[in-house]
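Here are my notes on how the chains of this assembly meet, and on the space enclosed among them. Please read them with the structure open.

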Amino acid sequence: MQGPLIDTLARQGITRRTFLKYCATLASMMALPPAAGRAMAEAMAAARRPSVIWLPFQECTGCTESITRSHSPTLEGMIFDMISLDYQETLMAAAGHQAEEARHAAMKENAGKYLLVVDGSIPLGRDGAYSCIGGRSNVDILKEAAEGAAAIVAMGSCASYGGIPKANPNPTGAVSVSDIVTNKPIVNIPGCPPIPVVMTGVLAHYLTFGSLPELDEKGRPKAFFGETIHDRCYRRPFYDQGKFAKTFDDEGARMGWCLFELGCKGPVTYNACATVKWNGGTSWPVESGHGCLGCSEPDFWDAGGFYKALSVPADPLRIGAAAAIAGAGAGVAVSFANRAKKNVARQTHETLTVEDLEK
Amino acid sequence: MSLDAIPIHVIDPPSAEPGLSGNAPPLLRELSELAKRLLASGETSAIDLSALPLTPADLAWLQDTLGAGEISVSLQANGESTLNETACPGIWWVTHRNEQGAVTSQFIEVAFVPELVKAHPEDVKNGQEYLELLISDL
Amino acid sequence: MNELQFLTWVRGPGLDIAVGIFVLGVVWRLFEIYSLGRKKDLSTPRHAAGASGLHTVFRRSLPPPGMLKRSPVSYIGGYIFHIGLAIVVFGFAPHILLVTNLTGLSWPGLPSQFVDLVAVVTMAAMVVVLVDRINKPAKRFLSTFEDWFTWAVTFLPVLTGWMAVQHLLLPYTTMLALHILSVEILLVVLPFTKLFHAFTLFGSRWYNGRANAQRGVPV
């Protein structure tokens, strides 16, 4: 299974034209020029399967579920099989010492060349004791594996930004991959879970050009995270017309109006859901009637409530009433002071007598 | 519970489809340049239609204007793809669909023969080997 | 602090503090002003047509004869930007949502394209008024730091809000956070600067009108 990718694909009954077509669409999706699709197909067809080591830390396996299942009958899924996935606890048959050996063997054989995929955040509290694999802490394993990696893919919001484990009050001291590893190229693919095609797109880009795609300042591939959900949303015209669903089952909701008032975080969330969609292009959250949670943004869990519109207070205002009372108190105090001043002034006038004037 | 029990209103798609944006006509000029380049140097090229701000009306206008040529190729590979020559020979309208029939990408290709139609030498070699096998079985 | 945390802060604790200071300031100033009291006017009231507090409240909204021609920028520009501000503040759907959330009051919003246009007109009017203030020697002489400062804190929320909607300069999240922050600054300074005229305007007109009506002078 170490031959060029195209041979492996042929054995699976995938023709060259199917592959070319796939690459053309992938290039289009990644906003690359059409010629890149062909270059991509050629490079990828000839590419050897890269060794991929997938490390799970503080996570829920949702990212793995997303990647393996959503596109399983299509090419993305198969390409995913085509990489040499040398360590993935959930998918691998080996367990215990065998699994650890497989990882060490892969790291040794492909030193400096393998791609490291990480899902889940890394706890730093209590020397990392909150999450251990084979008796070693996550932070320890990550540092070791990052040493020989060509590049690191932080899969999902937890690996990218800390995600739910990092949510207030962050009991385990969770941090993201980029908080620990600073000397390797890291691409963040946030989302809870992330969109599968983004993962395959990044892999395809890496196989083709030997580098990671262009990233934004948060380390995300610009091709997929360049625009907000709101700007690409098919319900956007309703926002502009001021037509909003007020509850999840009112007339507006049935008419498919904008979900802004129901707490949609689309305006501040950069992701490709609105265009790529989910489950093989079937639908996506807003299309099924629920606002965007903003799951691909850092600290989305603590962004003031999923069902609160962006323009309303994140927390209830607590000091308003107290401030009114304090204001009234201050006002009354000042008015007493003013009245006293006036009285003093008046009295000073009254003591002005004829005698005073004649002095 | 049947679907009818759920009070869903089916709304006609917005009748006022976004009209022409004016982005389509300049593409004709670009295609003309690309065709000139094909004649001069044999260099093929393509325009990715999903990468451009074109409305459905723009695409319809473009398809209408370019017209239909003599050849239409359909390719069954992970969903249907159609590669149709336009009324301008050498300009091909390429549409890729997935297994569900949804358009995944759309290109206008400027080439004597679209890239996908050509058989790859490797594949020809495989075919020839298969022929040998058939002959030896005779 | 990333931009989403920044946004969450201005929507949360920041708003809480700003609204707190605003409420405190407004209540304080209103108490202070209205508790000052005035000496009873013992003179016999003279009656004249059109002389009363209520009359003055309305009359002062119109330029006195000849003034419109002498100072068109102040009147026309002033009207445009005040009405524009009202439309933008009370007509934009997300703003209404905020008021609804805080007070329970609700009314229909205006189309966002219209609000967008009004915001541009408002900013243009404010810039014209500012340029006029700089150009006219008398106005410039009368202007103090407070005048420039209050102009800026009024202008910034409109500018940042418009830029956020238009996706200019900074990512929407950051711009939205800056917009809310600028509004919070406005809320904090409003009770303690001349911007407090939003609350005292009609009261002081009434007072002046009433005092002059006593003397039989319609002003």
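1. Contact here means heavy atoms within 4.5 Å. On that rule chain B and chain C do not touch. Their nearest C-alpha atoms lie 17 Å apart. The model is a predicted one, and the notes below should be read as a description of that prediction.

2. Two pairs of chains do touch, and chains A and C have the most contacts of the two. Chain C brings 38 residues to this interface, in contact with 44 residues of chain A. The area buried between chain C and chain A is about 3500 Å². Carbon and sulfur atoms give 62% of that area.

3. How many salt bridges cross from chain C to chain A? The rule finds one. E3(C) and K218(A) form it through their side chains, at 2.9 Å from N to O. Polar contacts join 14 residue pairs across the interface of chain C and chain A, counting pairs with both residues at pLDDT 80 or more.

4. Which elements supply the chain C side? Those that give two or more residues are α1 (3-34), α5 (93-103), α6 (112-135) and α9 (172-189) of chain C. The largest share comes from α1(C), with 19 residues. By class, the side of chain C that touches chain A has 22 nonpolar, 12 polar and four charged residues.

5. Now the other interface. Here 30 residues of chain B are in contact with 17 residues of chain A. Together chain B and chain A bury about 1900 Å². Of this, 54% is on carbon and sulfur atoms.

6. Across the interface of chain B and chain A the rule again gives one salt bridge. Its partners are D123(B) and R16(A), whose side chains meet at 3.2 Å, N to O. Nine residue pairs are in polar contact between chain B and chain A, both residues being at pLDDT 80 or more.

7. On the chain B side, the elements that each supply at least two residues are β1 (45-48), β3 (80-85), β4, β5 and α3 (121-137) of chain B. Which of them gives the most? That is β5(B), with four residues. The side of chain B that touches chain A divides into 10 nonpolar, 11 polar and nine charged residues.

8. Next, the cavities. The structure holds six of 30 Å³ or more. The largest has a volume of about 220 Å³. Its lining is made of 15 residues. Nearest the centre of the largest cavity are A24(A), P34(A) and R38(A), together with E109(B) and E115(B).

9. Where does the lining of the largest cavity come from? Chain A gives two or more residues from each of α2 (16-29) and α3 (34-46). Chain B does so from β4 (91-97) and β5 (103-110). The largest share, four residues, is that of α2(A). In the lining of the largest cavity, nine residues are nonpolar, two are polar and four are charged.

10. Two elements deserve a second look. In chain B, β5 gives the most residues to the side that touches chain A, and β5 (103-110) also gives two or more to the lining of the largest cavity. In chain C, α1 supplies 19 residues to the side that touches chain A.

Conventions:
Residues numbered from 1 in each chain as written. Chains lettered and ligands numbered in written order. Predicted model: local features only at pLDDT ≥ 70, side-chain atom pairs only at ≥ 80, totals over all residues. Heavy atoms only, no water. Buried area = accessible area lost by both parts, 1.4 Å probe. Salt bridge = Lys/Arg side-chain N within 4 Å of Asp/Glu carboxyl O. Polar contact = N/O pair within 3.5 Å; in protein donor to acceptor, adjacent residues only side chain to side chain. Nonpolar A, V, L, I, M, F, W, Y, C, P; charged D, E, K, R; others polar. 1 Å grid on protein atoms, 1.4 Å probe; cavity = no way out; pocket = protein on both sides within 12 Å on 5 of 7 lines; lining within 4 Å. Points joined across faces, edges and corners; volume = space filled by probe spheres on them.
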